[in-house]
Amino acid sequence: MFLWISANIGTILVSLALLAVVTGIILGMKRDKKRGKSACGKSCGQCPMSGSCHKF
């Protein structure tokens with residue numbers, strides 16, 4: 001087991017870093033949604049989902 005970990009330490013570290021970045025992005029998006037912020041910028045004129053996205 002230790003031999004496998006030492007042979008793949010680079011891959012393991014990169015995977016953990018990517019997992020941390022993705023987790024941070026998801027948590028940030030959830031926090032913004034709870035605060036009422038939107039990722040689209042609320043310019044719904046050209047958006048095909050404008051009727052179901054924001055309640056004005």
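**Exercise 1. The nonpolar patch**

Which residues make the nonpolar surface patch in this predicted model, and which element gives the largest share?

Solution. The patch covers about 780 Å² and is made by Met1, Trp4, Ile5, Ile9, Leu13, Leu16 and Leu19. The elements that give two or more residues to this patch are helix H1, residues 2-7, and helix H2, residues 9-34. Of these, H2 supplies the largest share, with four residues.

**Exercise 2. One residue of the patch**

Determine where Leu19 is found, and decide whether Leu19 is buried or exposed.

Solution. Leu19 is found in helix H2, and its relative accessible area comes to 52%. Exposed means over 50%, so Leu19 counts as exposed.

**Exercise 3. The span of H2**

Compare the expected span of H2 with the distance between its end C-alpha atoms.

Solution. Helix H2 has 26 residues, and at 1.5 Å a residue these should span 38 Å, because the expected span takes 1.5 Å times one less than the number of residues. The end C-alpha atoms of H2 lie 37 Å apart, which agrees with that expectation. Just after H2, Gly36 takes a positive phi of about 90 degrees.

**Exercise 4. The whole chain**

Describe the secondary structure of the chain and its exposed surface.

Solution. The chain holds three helices and zero strands, so that the order from the N terminus on reads α-α-α. Of its 56 residues, 5% count as buried, while the chain exposes about 5200 Å², of which carbon and sulfur atoms supply 69%.

Terms used
Residues numbered from 1 in each chain as written. Predicted model: local features only at pLDDT ≥ 70, side-chain atom pairs only at ≥ 80, totals over all residues. Heavy atoms only, no water. Patch = residues over 30% accessible without salt bridge, like charges linked within 9 Å, V, L, I, M, F, W, Y side chains within 5 Å. Areas by Shrake-Rupley, 256 points an atom, 1.4 Å probe, with all protein chains shown as cover. Salt bridge = Lys/Arg side-chain N within 4 Å of Asp/Glu carboxyl O. Buried < 20%, exposed > 50% of the residue type's maximum accessible area, 1.4 Å probe, protein only.
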